[in-house]
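Colleague: Got a minute to walk me through this model? I'd like to go through it piece by piece.

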Amino acid sequence: MTFAIDFEFHSIDGEPPRPHCMCWHVVETREEGRLWTAEAGQHPVLPFTSKDLVICHYALAELGCLLALNWGIPERLVDTLAEARVVRGQISPPDRWGLLGVAGAYGVDSMSFE
């Protein structure tokens with residue numbers, strides 16, 4: 001399966017991130033889910049296997065959250081930020097390197113910045 005994941009978290013310099021929630025979308029089935037991390041102990045961890053592909057924007061942040069929750073690191077990962085930087089040759093999109101800025105630079109519909 002192919003999972004697109006995103007965490008919202010709080011981080012203090014020098015401290016591990018404190019994840020608040022995680023959202024995911026399974027590309028093949030269009031299944032979506034949301035999990036507040038306060039409930040994480042009551043829910044199974046996403047079933048990443050060695051065959052699964054995990055997609056995220058700025059993987060260091062998402063991996064930090066997975067590690068903070070002791071959920072482990074997926075074996076197969078695509079970081080859309082790293083890929084965009086390679087393709088663009090480090091030339092920043094007009095709206096910067098965030099997910100919405102990169103999506104806009106490639107004409108991908110997304111929510112507004114507001």
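What follows is a chat about the fold, the strands, the first helix, the ring pairs and some loop residues.

Modeller: Sure. Before we start, this is a predicted model, where local features need pLDDT of at least 70, side-chain atom pairs count only at pLDDT 80 or more, and totals for chains, interfaces and linings use all residues. Residues are numbered from 1 along each chain as its sequence is written, and side-chain values use heavy atoms, with hydrogens and water left out.

Colleague: Fine. How many helices and strands are there in the protein chain?

Modeller: Three helices and five strands. Those are DSSP runs numbered from the N terminus, with helices being H or I of at least four residues and strands E of at least two. The order along the sequence is β-β-β-β-α-β-α-α.

Colleague: And what radius of gyration does the protein chain have?

Modeller: 15 Å, which agrees with the value near 13 Å for a compact globule of 114 residues. That radius is taken over C-alpha atoms, and the globule rule is 2.2 Å times the number of residues to the power 0.38. Along the principal axes, the C-alpha trace spans about 40 × 35 × 30 Å.

Colleague: How much of the chain is buried?

Modeller: Buried residues account for 32% of the 114. Buried means under 20% relative accessible area, exposed means over 50%, and partly exposed is in between, using a 1.4 Å probe and protein chains only.

Colleague: Let's do the strands. Which way do β1 and β2 run, parallel or antiparallel?

Modeller: Antiparallel, with eight bridges joining β1 to β2 (residues 18-26). Two strands count as paired if DSSP finds at least two bridges between them. H10 has R18 in β2 as its bridge partner.

Colleague: How many bridges join β2 to β3?

Modeller: Five, and those two strands run antiparallel. H25 is bridged to E32 in β3. β2 and β3 form a hairpin with five residues between them, and R30 in the turn has a positive phi of about 65°.

Colleague: Switching to α1. How many of its residues are buried?

Modeller: Seven of the 10, so α1 is largely enclosed by the rest of the structure. The buried ones are A59, A61, E62, L63, G64, C65 and L66.

Colleague: What covers them?

Modeller: The cover includes β1, β2, β4 and β5. Right after the helix comes N70, with a positive phi near 60°.

Colleague: Now the aromatics. How many aromatic pairs are there?

Modeller: Two. The rule takes rings of Phe, Tyr and Trp (its six-membered ring) with centres within 6.5 Å; planes under 30 degrees apart are stacked, over 60 edge-to-face, and the rest tilted. One of the pairs is F3 with F48, whose ring centres are 5.0 Å apart and whose planes sit at 85°, so that pair is edge-to-face.

Colleague: Where are F3 and F48 in the chain?

Modeller: F3 is in β1 (residues 2-10) and F48 is in the loop between β3 (32-36) and β4 (53-56), 45 residues apart, so the pair links distant parts of the chain. F3 is buried at 6% relative accessibility, while F48 is partly exposed at 22%.

Colleague: Why do F7 and W71 count as tilted?

Modeller: Because their planes are at 45°, with the ring centres 6.4 Å apart. F7 lies in β1 and W71 in the loop between α1 (59-68) and β5 (77-79), so this pair ties together parts that are 64 residues apart in sequence. F7 is buried at 2%, and W71 is buried at 17%.

Colleague: What lies over the face of W97?

Modeller: R85, at 4.4 Å from the ring centre. A charge sits over a ring if NZ of Lys or CZ of Arg is within 6 Å of the ring centre and within 35 degrees of the ring normal.

Colleague: Last thing, the loop between α2 and α3. What phi does Q90 have?

Modeller: A positive one of about 70°, although Q90 is not a glycine. Most residues other than glycine have a negative phi. Q90 lies in the loop between α2 (80-88) and α3 (99-105).

Colleague: And R96, buried or exposed?

Modeller: Exposed, at 62% relative accessibility. R96 is in that α2 to α3 loop and has a positive phi of about 80°. Q90 is exposed at 52%.

Conventions:
Contact = heavy atoms within 4.5 Å.
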